[in-house]
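Biologist: I should like to learn how to read a structural model feature by feature. Could we take the features in turn, with the general idea before the particular case?

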Amino acid sequence: YEIPLRLVGSEMCIRDRLSPDEKAAFVEGKRIELDSFFDNKVWEFTTEAEADPMRTMKARWILKWSSNDDGTYRAKARLVVQGYKDPDALEGKLDTSSSTISRTGRNLMIMYAVQFGWSSWAADVSTAFLQGDFRDRNLFVQLPADALRILGVDANTRMRLNKTMYGLNDGPRAFMQTAEKRMFKLGFKAH
């Protein structure tokens, strides 16, 4: 797909301006995203009656055009929970710290790589926040109506989270802990 220029700067609802092929592409993007949640065992089906309403958060879609390696575009969908309503975070019971490099640290790393002729690289982990270890926080997700339709379930369906997902405040920490554990197992050392 080419990025449709008519989507830029519109005050109208973008969904109403998509062609049928573009709409179909986003539905497929949503299917792929939902599959990744099941592939990574992020959640399991439950019902509204079994889900604690005080520990249930709504999820929303973020849709965008993303570029492929060959320069073409694809419709990408990301399912994000409203993490600002996380009851554990609101009560201050959630550790959200995770290591990130500072600007100074990044600049020093680049400087040393140039000075010593080191090759450097960066990587992206697909579905990173869905790959954290299992957590027992007893959280539930209320899916958007179109996600329920794609899954073929009714409006009373809720998802019980087994792992973190996009939007949760402890998502970066869960991924960092899992990545560290895997790297240590491969023989890497932290410094």
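Biologist: What distance should the 15 residues of helix α6 span, and how far apart are its end C-alpha atoms?

Modeller: Please note that this is a predicted model. The expected span is 1.5 Å times one less than the number of residues. For the 15 residues of α6 (residues 171–185) this gives 21 Å, and the end C-alpha atoms are 21 Å apart, so expectation and model agree. The helix α2 has 20 residues and reaches 28 Å from its first C-alpha to its last, close to the 28 Å expected. For α4, with 14 residues, the reach is 20 Å, close to the expected 20 Å.

Biologist: Which residues follow these helices, and what is the sign of phi there?

Modeller: After α6 comes G187, with a positive phi near 100°. After α4 comes G117, whose phi is positive, near 70°. The residue given after α2 is K41, again with a positive phi, near 55°.

Biologist: How many helices and strands are there in the chain, and in what order do they run?

Modeller: The chain contains six helices and five strands. From the N terminus, the order is α-α-β-β-β-α-α-β-α-β-α. The C-alpha atoms fill a box of roughly 60 × 45 × 30 Å along the principal axes. Among contacts between residues at least 6 apart in sequence, 73% join residues at least 24 apart.

Biologist: What percentage of the residues count as buried, and which residues of α2 are among the buried?

Modeller: A residue is called buried under 20% relative accessible area and exposed over 50%. By that rule, 35% of the 191 residues are buried. In α2, the buried residues are E22, A25, F26, G29, K30, E33, L34, S36 and F37. In α6, G171, R173, A174, M176 and T178 are buried.

Biologist: How many residues make up the largest nonpolar core, and which elements supply at least two of them?

Modeller: In soluble globular proteins, nonpolar side chains tend to be buried together. Here the largest nonpolar core has 22 residues, and those with the most contacts inside it are F37, W43, L79, V141, L143, L161 and M165. At least two core residues come from each of α2 (20–39), β2 (56–67), β3 (73–81), α5 (145–151) and β5 (157–161). The largest share, four residues, is supplied by β3. A second, separate core has five residues, including L18, A25, W65 and A75. To return to the largest core, W43 touches, among others, L34, F37, L79, L143 and L161.

Biologist: Is F140 buried or exposed, and what does F140 touch?

Modeller: F140 lies in strand β4 (residues 140–142). Its relative accessibility is 4%, and therefore F140 counts as buried. Beyond residues up to four places away in sequence, F140 touches T46, E50, A51, D52, R55, T56, M57, M159 and R160. One of these contacts, D52, is 88 residues from F140 in sequence, yet their C-alpha atoms are 7.4 Å apart.

Biologist: Which residues make the nonpolar surface patch?

Modeller: The patch, of about 530 Å², is made by L108, M111, Y112, F116 and W118. M111 belongs to helix α4 (residues 103–116). M111 counts as partly exposed because its relative accessibility is 40%.

Biologist: How many salt bridges does the structure hold, and which residue pairs with E33?

Modeller: Side chains of opposite charge can pair when their charged atoms come close. The structure holds 13 salt bridges. E33 pairs with R78, the closest N and O atoms being 3.8 Å apart. This pair links distant parts of the chain, with E33 in helix α2 and R78 in strand β3, 45 residues apart. E33 is buried, with a relative accessible area of 5%, whereas R78 is partly exposed at 24%.

Biologist: Where do D170 and R135 lie, and what does their pairing tie together?

Modeller: D170 forms a salt bridge with R135, with the closest N and O atoms 3.7 Å apart. D170 is in the loop between β5 and α6 and R135 in the loop between α4 and β4, so the pair ties together parts 35 residues apart in sequence. D170 is buried, with a relative accessible area of 3%, while R135 is partly exposed at 25%. Salt bridges that share partners join R55, D86, D88, R135, R137 and D170 into one network.

How values were computed. Residues numbered from 1 in each chain as written. Predicted model: local features only at pLDDT ≥ 70, side-chain atom pairs only at ≥ 80, totals over all residues. Heavy atoms only, no water. Patch = residues over 30% accessible without salt bridge, like charges linked within 9 Å, V, L, I, M, F, W, Y side chains within 5 Å. Areas by Shrake-Rupley, 256 points an atom, 1.4 Å probe, with all protein chains shown as cover. Salt bridge = Lys/Arg side-chain N within 4 Å of Asp/Glu carboxyl O. Buried < 20%, exposed > 50% of the residue type's maximum accessible area, 1.4 Å probe, protein only. Core = buried A, V, L, I, M, F, W, Y, C linked by side-chain atoms within 4.5 Å. Contact = heavy atoms within 4.5 Å.
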